[in-house]
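Here are my notes on the model you sent over, written as numbered points. Have the coordinates open as you read.

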Amino acid sequence: MSVTRTVRPETAHAPIASTQIPPVPLTIEGYSVLHQMMRFRWTAWRTLAPAQKTEIVDEAARVLGKMESNASGQSGLYSLIGHKGDLMFVHFRQSFEELNQAELHTAGLRLSDYLEPATSYLSVIELGLYESTIKIYSELAVRGVEAHSEEWNRAIKETLARQKEAMRPRLYPELPKHRYLCFYPMDRRRGEDKNWYTVPIEERARQMNEHGLVGRRYAGEVKQIITGSIGFDDWEWGVDLFADDPLVFKKLIYEMRFDEVSAVYALFGTFYVGLRCASGELGKLLGGQVPKG
Amino acid sequence: MSVTRTVRPETAHAPIASTQIPPVPLTIEGYSVLHQMMRFRWTAWRTLAPAQKTEIVDEAARVLGKMESNASGQSGLYSLIGHKGDLMFVHFRQSFEELNQAELHTAGLRLSDYLEPATSYLSVIELGLYESTIKIYSELAVRGVEAHSEEWNRAIKETLARQKEAMRPRLYPELPKHRYLCFYPMDRRRGEDKNWYTVPIEERARQMNEHGLVGRRYAGEVKQIITGSIGFDDWEWGVDLFADDPLVFKKLIYEMRFDEVSAVYALFGTFYVGLRCASGELGKLLGGQVPKG
Amino acid sequence: MSVTRTVRPETAHAPIASTQIPPVPLTIEGYSVLHQMMRFRWTAWRTLAPAQKTEIVDEAARVLGKMESNASGQSGLYSLIGHKGDLMFVHFRQSFEELNQAELHTAGLRLSDYLEPATSYLSVIELGLYESTIKIYSELAVRGVEAHSEEWNRAIKETLARQKEAMRPRLYPELPKHRYLCFYPMDRRRGEDKNWYTVPIEERARQMNEHGLVGRRYAGEVKQIITGSIGFDDWEWGVDLFADDPLVFKKLIYEMRFDEVSAVYALFGTFYVGLRCASGELGKLLGGQVPKG
Amino acid sequence: MSVTRTVRPETAHAPIASTQIPPVPLTIEGYSVLHQMMRFRWTAWRTLAPAQKTEIVDEAARVLGKMESNASGQSGLYSLIGHKGDLMFVHFRQSFEELNQAELHTAGLRLSDYLEPATSYLSVIELGLYESTIKIYSELAVRGVEAHSEEWNRAIKETLARQKEAMRPRLYPELPKHRYLCFYPMDRRRGEDKNWYTVPIEERARQMNEHGLVGRRYAGEVKQIITGSIGFDDWEWGVDLFADDPLVFKKLIYEMRFDEVSAVYALFGTFYVGLRCASGELGKLLGGQVPKG
Amino acid sequence: MSVTRTVRPETAHAPIASTQIPPVPLTIEGYSVLHQMMRFRWTAWRTLAPAQKTEIVDEAARVLGKMESNASGQSGLYSLIGHKGDLMFVHFRQSFEELNQAELHTAGLRLSDYLEPATSYLSVIELGLYESTIKIYSELAVRGVEAHSEEWNRAIKETLARQKEAMRPRLYPELPKHRYLCFYPMDRRRGEDKNWYTVPIEERARQMNEHGLVGRRYAGEVKQIITGSIGFDDWEWGVDLFADDPLVFKKLIYEMRFDEVSAVYALFGTFYVGLRCASGELGKLLGGQVPKG
C-alpha cells in the first residue's frame, strides 16, 4: 500500500528487511505544557511604594503558590538570565483548556501590569515509542494485518493504552525542583539532501537509541522532559532540562551534538536558562535592591 | 508549445506518457478569508471601571454576534494560547471588499482600543482539482485541442463551473463550531534540488492523492479547510484544522509529515492554536479574574 | 575579452552560438516610484472630536487630490487588508528628488500624527529589453565592434533612446484605476547551484519570453507594472498588479509559478493587497463606524 | 607550511603555479567610518512652536556645520527615502574613539529628542591589494623567505607602508558632494559548495580585476568608497556610491551582478538611498510644510 | 561500540588509524560570563537636572566600582559604537547564580530607568582540549579500556582535573584593561554537506591547531577569551577580543577567515565593538555635551 512506502535516501544505511510497515512512530502523551517568557517592567515597578509592591507580590505569590501544586497539575516560576526575559512560568496541566485558564489567571494578576509577554511555547509531554512501534508493526505485518484496517487500528490502540498505563509517571511527572532549568525547542532537519522524515523507521530507531544511551549516562545529574509541539507551536519538540549544576547542560548537549541524529538531523531554536524561584521567594526576587556597601 | 513544457527533475519518477499537458492544476475558490491575530492590552483594560468594561464588551459582543452569521458569511472569535496573540478573528466573506469592511468594523469597535494587531492572514477557500485537471487536459490533448486556444479555454471554463457547482458546500462551508482551532500557513518547497513546481503534474497528483488518504482517516475527528493565498499573503496556502481534542492536530500533522509530499516538499510557517469563544462568552473571557481561594 | 564571458551552468541548455556578447540585458526606465505602507493609529484617532477629524481629513484629501494627478506624476491611496498596514500610498514621479518631496509632504500632513510607517519600497519603472539587447549585441559582434568601445557605446545609446521613445507610454503610465492592487518584491535566485546570473543571456531571453506569454493571456483582466530596484531597495524588482477581481492575482501568479523562470529562479518577498481609495473617499474610510443595527 | 595551504574547490580553475603563498590579500586602511540611520519623530516635532524648532535646528546646524569639515575628518547628512530612516549621518574620522565622540555629540543635540536610531554601520575605508600581494608574496617565495618569518614580516610591512603612502588620497578622501548616496553592506559567500575563502588567491585576484574593469567604465558618473567591516559589523564590507543621477546606481550594480565575483560570490544586505542635505539646508528639510495651493 | 562511531564525510581526509575513540573533545570551564547590551534613553536623561544626573551616576559608579573587582569575579563597562547598544556590561562570576545577582543589581540601579536591554549573551570561559583528548582517548584505547566504563571515566576525570589546575589563570583571567573590545558569537557549521560534527576528531584537531597558529602571531597585539555557550545561548561559542588598536580585530579575523576551520565551518553572529569605560569615567560618558565652539 502506497502510504506505507518510505522514500529511500540516496546514501543507503544498513540493509532493512521489512519496508512495508508505516513510517510513523507511535507516541503517547501526558501533561499539556505552556512556557511563558515575560519581561519585567523594572522602571514602572520602582515607582511603586513598598506597601504597594508587597501587596502585589503577596497576591502573585498566593496564586502562584496554589498553582505550584493543584489537582490539575503544577506550575513553576523561573528567573531567566539575560535579555530574553526576566521571568518564565512553566505550566503542566491536564488540557489546553486549563492552560488557557492558567494564562488568563496570570494575565489577571496585578503583577501582570509589570509583565510583558516576550515569547511562549505550547506543547504536550510526549514519549516516542520507536521500539514498541517496530515490534507491533512487524508483528501485524507478519500476521498479514493490513495497515490502518480495523484490526490493525485495534491492535495499535491496545498497544498505546498499555504503554500509556506503564509510562504514566513519566507522562505526568512532578515538575522537578532542581535549581536550574534549560529550555529549548528543536526540529528534525528536512533538508534537500538530509531529511529525517525520509529515513527508514528502523534506521531512525537505531539513531534514537544511540542518542538515548548518551542521555542515560547523565541520568544522575540532569532530568529531561521532552514535549511534542507539532501542530501546536513553531518547532517540532521542546526540551526541558533540570539540573543543580548548569554546566551539565553544556556537557550533555555538546556530547549529544556528535550523535548522528543530532549532528546531521537536529536544528535548534532559542535557549532559555533560568533559576527556580519558589512562590515564597518572589518578593526577594523582585526587591531588586542595590547591594549595600 | 513551450509553455506547456515541464522541467524534469533529475531523479526521474515513474514514466509519464503525456507530457504535453500544462503543468498548472485547476482550482476553484469560495469564501474570502481573513484571520486577524490580536494582542489584548490587559494593563489598560484593568484600569477600567466594571461598568465601562461591560459597556465595551456589550458593544463588541453585539457586533460579533451579527458577524457570527450574516448574509455575506460568518466570523468567529478564538482565545489564542501563548504570546502570539490573545484573540483571533476568523472572517469568511463573499469578497475582499467585505473582508475589508469587516476589518474596518472591528477597528471601529471601542474594544479595539484594547487590541493591537499582531499578525493576520488573507486567503480564499480553495479546492485543488488535480484529478479533474489531468482528466480534462488529457481529453483535450487526445482531441488535439491546443492548450489556451478558444476551444480549450471554453472546455476548462465549463469544467470549472461544473466542479464549482458540485463542490459548493465545501467552498462556502459553515465555520465549524469545534472547541479548538489550529491555523498555519505553508509553502511547497522550491529548493535548488527539490522543487515541487518542476515535478510533472501526474507525479504531483499521485503524491497529493496519497496525502489525502491520510487526511481521510481522521475525517471523524478533525475538520480541515484549505485556503489559497498565492498573490494575497506571504505563504502559498493557509490551513485551518478544527477539532474537539487538540491532540488530534499533532497526530494528524505528524503522520502527514512522513508523506512524500510533506516530508520533501512542505515548508511550514507559524502555528496558532485557539479555543472558540462565542460572542456570548466574550465577557467571561475578558473578565481575567484572579482565582478565588 | 574577459568581462563578456558568461559562466556556464553545469546543466547545459540549448547550444549557443555567440558567447562573446556581454551578459547584461539593456533596460530603459521611466517614473521613479515609492510605495509607503502605513499603520493607522485608530485608538488616538477615536479620541478626536468629529470636527477635528473632518478638518484633518479635509487637509489630507486636498493634498492627496492634488497628488493624484499633477505635472510631475501621480499618487494613489489604497486601503490595505490585514496587519501589514492600513494605508498605502503609491507615488509616481519624475525623479527621486520629487519622491523625497512627496514623502516630506505626507509627513507634513496633520493626518501623519495618526500614521506610522510600516514599510516602503523604492524603485523605478523598468522595461527589460532582452530581445533588442541580443539583436544589437549580435549585430555589433558581427560587425566586429568591441564591447564597450566608443562605437559600441554610441550604438547602445542610440538603441536605448529609440526604445525609450517607442515605449514612452509604458514608462510613464497612468496609475491604473482598478479596484484592487497587489504589490510584491522579488529576486532572481543566485543559489549555489541554480543561479540566474550565470545562465547565458540567450537562455534567459527564452525563459523571459515564455514567461511573458503567460502574462499576455491575462492582458484583459490584469494590468502589470514592473519596477526595478537594484541599488535602491532590498529586492531586485517590485511588481504591481491591478485588477477589478482580486482572484485574478492568484490565478496569474500561480500559473506563472510553473514557468521555468519562476519555478526555478524567482524568490518572492511580502505580498500587499489593497483597495483603491480616491481622495474623495478618505473620510468614509477613516470613519471606522460600527455597523448600525 | 600548513597555514599557507588553500583548500581547492572541486571545480578547478586555471592551473596555478605557486600555491605555497598565503591566501590572505593585504589591505591598507584609512578613515574610520560610521553610518547612523535615524528615524525622525515628526509627530512630536509638529507640537513645537516655530521658535523652538528654529532654536533646535540652529544648534544642530551649527554642530553639523563644524562636523562637515574639521581637523579629524568630515561628516555629512542625508535625507533617506523610505521607511528605513529619515536622516543618515556619515562620519569619517581618524579613529573609532573619535567616531564614538561624534556619536555622543549627536546624542547630545537637542535635535536628538526627535531622532531614534534605526540602524548603523561601523567600518574603515579599505583598499584590497590583490595585485601587490601576489607580487610581494611571489617575490618572497622565490627568494625562499618563509611566510611569517621576521624577514617576511619586514618586507610585508614595507610594502604596506609604501602602498599606504601612495594611496593616501584614496584612504582619506573628501566626502563627495554629489546629490545622491547609495549605501549597502555585503559579504563574500561562504556556501557549502561555492566558497570565496577557499578559492586560490590568484583566481580571486583575476575575478576582482575583472570586477574593477566594470567599475572603471562608470568612473565619470559615480564615485565609490569601499569600507571593510570584518570584526566591526555584521557584514564584511560596506559600499558607498555617490552620484548626481541615482539611476546610475542601478545601472552599475546590475551590470556588476553578472561579473563572476558578484554573480557567484556576493551577498547583499539592506540598501539605503539618500539625498545630501548640507548643514545650511537642515531647516528647510525639517520644515515638513504641506504644499500650498 | 556504536556511540563512538563518527560519521565519515564523503571527501575523506588524511587516513586515520584509531577511529574507535569517542568524537567529543574534552573541555574545561572557568568563569561564568554575561554580556549585557543596553540602549540608553538619552531623551529622558536630558530632562533631568544636573544634580539628579550626578546622584544617579554616583550610585551607578559606586556599584560598578565594586563590581570591577570583587571576591567572585569582575565586571567591566563599555561604550558601544553604533545602534546595537549604547552600553555593554561584561560580568565574570563564579556561577550563574552570581550572574543572576549581578543582573538583578544592575536592574536595581536608578540608572536602569535610563537603560533598556537590547540583547545579552550567557556563556562560560572554556578551553577545548583537542590534543589532550586525543592523547588520553588513544592511551585508553591502547590499554583496552572501554569508553565510558568506570575506569575510563576515572581517567578522564583525572585528566580534566590536572588540566584545570594547570590552566587556572586562563580559566579565571582578569578582565583585560585594553581600550577596545570586540565581541561576537559563532557556530561550527552543520550543513547538509559540510558538517563539523561529522568530521573525525583527529582532523578537527589538526584544523584547530592550524587555526591557533594564526592567533599566536597576534599574541602581542590582541587578547582573546573564548566562552562556550552550548545549552546556554543561541550560538555555540562567544568570542571576546581585547586590543588597544581596533584595526587588529579586522586584521586577525580576516586572516583567520582563510583557515580551513573558519572558511568552511565558521558561522558568525552579530559583532559588537566598544570602548572601555572605567567606573570613574561614567559621568563623563553620560554627560553627552554638545561640543562648545
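**Notes on the chain contacts and one histidine**

1. Let me start with the pair D and E: between chain D and chain E there are 24 residue pairs in polar contact, counting pairs with both residues at pLDDT 80 or more. Keep in mind that this is a predicted model. On the chain D side, four elements each put at least two residues into the contact with chain E: strand S1 (27–40), helix H2 (50–68), helix H3 (96–108) and strand S4 (115–128). H3(D) has the largest share of that side, with 8 residues. Sorted by class, the side of chain D that touches chain E holds 20 nonpolar, 15 polar and 16 charged residues.

2. How many salt bridges are there between chain D and chain E? The count is 8. One to pull up on screen is Asp113(D) with Arg46(E), whose side chains form a salt bridge at 2.5 Å, N to O.

3. On extent, 51 residues of chain D are in contact with 50 residues of chain E. The two chains bury about 4500 Å² between them, and carbon and sulfur atoms account for 56% of that. Within chain D, the residues losing the most area to chain E are Arg190(D), Glu192(D) and Ile230(D), which together make up 16% of what that side buries.

4. What operation puts chain D on chain E? A rotation of 72° with 0.0 Å of shift along its axis superposes them, at an RMSD of 0.0 Å. This is the relation of a five-fold axis. The two copies use different surfaces, since 4% of the contact residues of chain D recur in chain E.

5. Now for B and C. Chain B is superposed on chain C by a rotation of 72°, with 0.0 Å of shift along the axis and an RMSD of 0.0 Å. Here too the copies use different surfaces: of the contact residues of chain B, 4% recur in chain C.

6. The contact between these two chains draws on 52 residues from chain B and 51 residues from chain C. The buried area is about 4500 Å², with 56% of it from carbon and sulfur atoms. Arg190(B), Glu192(B) and Ile230(B) provide 16% of the area that chain B buries against chain C, more than any other three residues do.

7. For the polar side of the B and C contact, I would begin with the salt bridges, which number 8. In one of them the side chains of Asp113(B) and Arg46(C) come together at 2.5 Å, N to O. There are also 24 residue pairs in polar contact across this interface, with both residues at pLDDT 80 or more. Strand S1 (27–40), helix H2 (50–68), helix H3 (96–108) and strand S4 (115–128) of chain B are the elements that give two or more residues to the side touching chain C. H3(B) gives the most, with 8 residues. By class, that side of chain B splits into 20 nonpolar, 15 polar and 17 charged residues.

8. Which pairs do not touch? Chain B and chain E are one such pair, with their nearest C-alpha atoms 13 Å apart. Chain C and chain E do not touch either, and their nearest C-alpha atoms are also 13 Å apart.

9. A word on the single chain, using chain A. Its secondary structure comes to 9 helices and 9 strands, and its C-alpha trace spans about 75 × 40 × 35 Å along the principal axes. Of its 293 residues, 60% count as buried. Taking contacts in chain A between residues at least 6 apart in sequence, 77% join residues at least 24 apart.

10. Finally, have a look at His211(A), which is in helix H6 (residues 201–217) of chain A. Is His211(A) buried or exposed? It counts as buried, because its relative accessibility is 14% and the cut-off for buried is under 20%. The side chain of His211(A) makes a polar contact of 2.8 Å with the side chain of Asp259(A). Setting aside neighbours within four places in sequence, His211(A) is in contact with Met256(A), Asp259(A), Val261(A) and Ser262(A). Asp259(A) is thus on the contact list and is also the partner in that polar contact.

Terms used. Residues are numbered from 1 along each chain as its sequence is written. Chains are lettered from A and ligands numbered from 1 in the order in which they are written. This is a predicted model: local features need pLDDT of at least 70, side-chain atom pairs count only at pLDDT 80 or more; totals for chains, interfaces and linings use all residues. Side-chain values use heavy atoms; hydrogens and water are left out. Contact means heavy atoms within 4.5 Å. Buried area is the accessible area (1.4 Å probe) that two parts lose on being put together, summed over both. A salt bridge is a side-chain nitrogen of Lys or Arg within 4 Å of a carboxyl oxygen of Asp or Glu. A polar contact is a pair of N or O atoms within 3.5 Å; within protein, one must be able to donate a hydrogen and the other to accept it, and residues adjacent in sequence count only if both atoms are side-chain atoms. Ala, Val, Leu, Ile, Met, Phe, Trp, Tyr, Cys and Pro count as nonpolar, Asp, Glu, Lys and Arg as charged, and the others, Gly among them, as polar. Copies are superposed by least squares on the C-alpha atoms of residues with pLDDT of at least 70 in both. Buried means under 20% relative accessible area, exposed over 50%, partly exposed in between (1.4 Å probe, protein chains only).
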